[in-house]
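Got your viewer ready? Here is a short tour, stop by stop, with something to select at each one.

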Amino acid sequence: MDVRSIREELLKSFENVRTLEELEALRVRFLGKKGVIQQGFKKLKELPPEEKKAMGKLLNDLRKEVEERLASVRERLLEEERKQQVERERIDVTMPGTELAWGSTHILRKAKEELQYIARKLGFTIVDGPEVEDDFHNFEALNFPPYHPSRDMQDTLFLPGGLLLRTHTSAVQIRALQRKKPPVRIFTVGRVYRREEVTARKFLAFHQAEGLWIDKKVSIGHLKGVLAEFIKGFFGPGYKLRFRPSYFPFVEPGMEVDVECVFCGGKGCKVCQYSGWLEILGAGMVHPNVLRAVGYDPEEYTGFAFGMGVDRMVMLKYGINDIRLLFDGNQKFLRSV
Ligand code: PHE
């Protein structure tokens with residue numbers, strides 16, 4: 001048995017080992033039960049005693065050498081593998097992160113929240129009402145007699161079963177008065193509907209904010225004070241208000257309220273059509289017939305109501321000239337405001 005040639009083969013084999021699996025195969029080949037070295041030990045007994053000892057030492061030395069070789073090659077392979085792994089899993093911490101598309105508050109919602117905030121500060125309770133209404137709440141209790149021409153102002157969208165899409169948030173006045181006992185001081189913001197031809201200025205749906213204050217001895221003075229607070233809170237200080245007589249069946253006297261043009265400060269510009277004024281709300285003292293319709297005594301209680309065009313106010317505040325932009329969810333527009 002030629003230990004030396006076995007040793008040479010062995011050392012050569014180690015040079016070519018690339019993987020741990022190959023190394024393991026080598027280990028079996030040399031050190032395994034049926035491996036060359038073990039075979040060598042088995043053959044020892046066939047040798048004459050004087051050679052046995054020398055051969056035994058050779059084989060033992062060889063086994064030790066192989067074990068050391070195996071250990072050092074394993075160490076090298078493991079180290080290589082670790083390096084490769086580090087390379088594979090390397091993370092470039094300087095790379096920019098993935099951009100998330102954050103949502104934001106729609107300007108109509110923002111306006112709603114601002115108006116509600118002002119209302120709350122003035123002692124109003126925030127309420128809501130249904131968008132699908134009946135004739136009683138949208139018209140009859142608000143002193144629109146059946147077949148009366150005043151109903152034509154409203155361009156109502158009717159639904160089957162005698163229902164309709166509310167044409168104004170004034171319907172919420174009636175619901176609140178039915179539900180509560182005086183004093184009543186409520187505020188609501190919501191969507192209303194009218195049968196309109198859609199243009200840059202008019203849409204089938206829009207938003208109104210409505211306030212109602214019923215108590216003993218509520219006067220027009222209170223109404224003026226409250227409206228001034230709303231305009232100041234929403235547009236900022238310094239704008240004058242102008243009250244013009246107007247007609248709504250559910251108030252007497254009724255009025256339309258203009259605010260000094262927020263663009264030109266009243267000097268006259270394209271937005272206010274060179275009038276210096278912007279018409280943004282209707283108001284008035286609640287008509288005795290309305291109070292009667294919901295069982296309040298108009299001799300004892302009085303009050304005022306007002307309704308604001310929220311979309312118009314938002315358009316003025318943000319300089320938007322097409323109402324449809326408020327409704328169609330255009331991302332480019334929404335990011336720009
Ligand atoms: N509801 C009226 C409209 O839609 C506005 C209004 C509200 C007027 C309250 C007076 C009082 O035009």
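Start in a loop: select Pro 183, which sits between α7 (170-179) and β5 (184-193). Keep in mind as you go that this is a predicted model. Now add Pro 182 to the selection and look at the bond joining the two prolines: the peptide is cis, with omega at about 0 degrees.

Next, jump to Pro 253, this time in a strand, β8 (residues 251-260). Show Glu 252 as well, and you have another cis peptide bond, again with omega about 0 degrees.

One more backbone stop: go to the loop between α6 (135-138) and β3 (157-158) and pick out Asn 143. What is the sign of phi here, in a residue other than glycine? It is positive, near 70 degrees for Asn 143.

**The ligand**

Now select the ligand and zoom in. The space it takes is the largest pocket. Which elements give two or more residues to the shell around the ligand? Colour β6 (205-215), β9 (277-286) and β10 (302-309) and you have them. Of these, β10 brings the largest share, with three residues.

Then show the side chains around the ligand. Among the surrounding residues are His 168, Glu 210, Phe 248, Phe 250 and Phe 306. Sorted by class, the shell comes to five nonpolar, five polar and two charged residues.

Three polar contacts deserve a distance label:

- Ser 170: an N or O atom of its side chain is 2.9 Å from a nitrogen of the ligand.
- Arg 194: here a polar side-chain atom is 2.9 Å from a ligand oxygen.
- Gln 208: a polar atom of this side chain lies 2.8 Å from an oxygen of the ligand.

Switch on a surface while you are here. How much of the ligand's exposed area does the protein bury? On its own the ligand exposes 320 Å², and 92% of that is buried by the protein.

**A salt bridge to finish**

Side chains of opposite charge can pair when their charged atoms come close. This structure has 19 salt bridges, and one of them is easy to call up: select Glu 9 and Arg 29, whose closest N and O atoms are 2.3 Å apart. Glu 9 belongs to helix α1 (residues 3-15) and Arg 29 to helix α2 (residues 20-31), so this pair ties together parts 20 residues apart in sequence.

Terms used: Residues numbered from 1 in each chain as written. Predicted model: local features only at pLDDT ≥ 70, side-chain atom pairs only at ≥ 80, totals over all residues. Heavy atoms only, no water. Near = heavy atom within 4 Å. Polar contact = N/O pair within 3.5 Å; in protein donor to acceptor, adjacent residues only side chain to side chain. Areas by Shrake-Rupley, 256 points an atom, 1.4 Å probe, with all protein chains shown as cover. 1 Å grid on protein atoms, 1.4 Å probe; cavity = no way out; pocket = protein on both sides within 12 Å on 5 of 7 lines; lining within 4 Å. Sits in = over half its atoms within 2 Å of the grid points. Helix = DSSP H or I, 4+ residues; strand = E, 2+ residues; numbered from the N terminus. Nonpolar A, V, L, I, M, F, W, Y, C, P; charged D, E, K, R; others polar. Salt bridge = Lys/Arg side-chain N within 4 Å of Asp/Glu carboxyl O.
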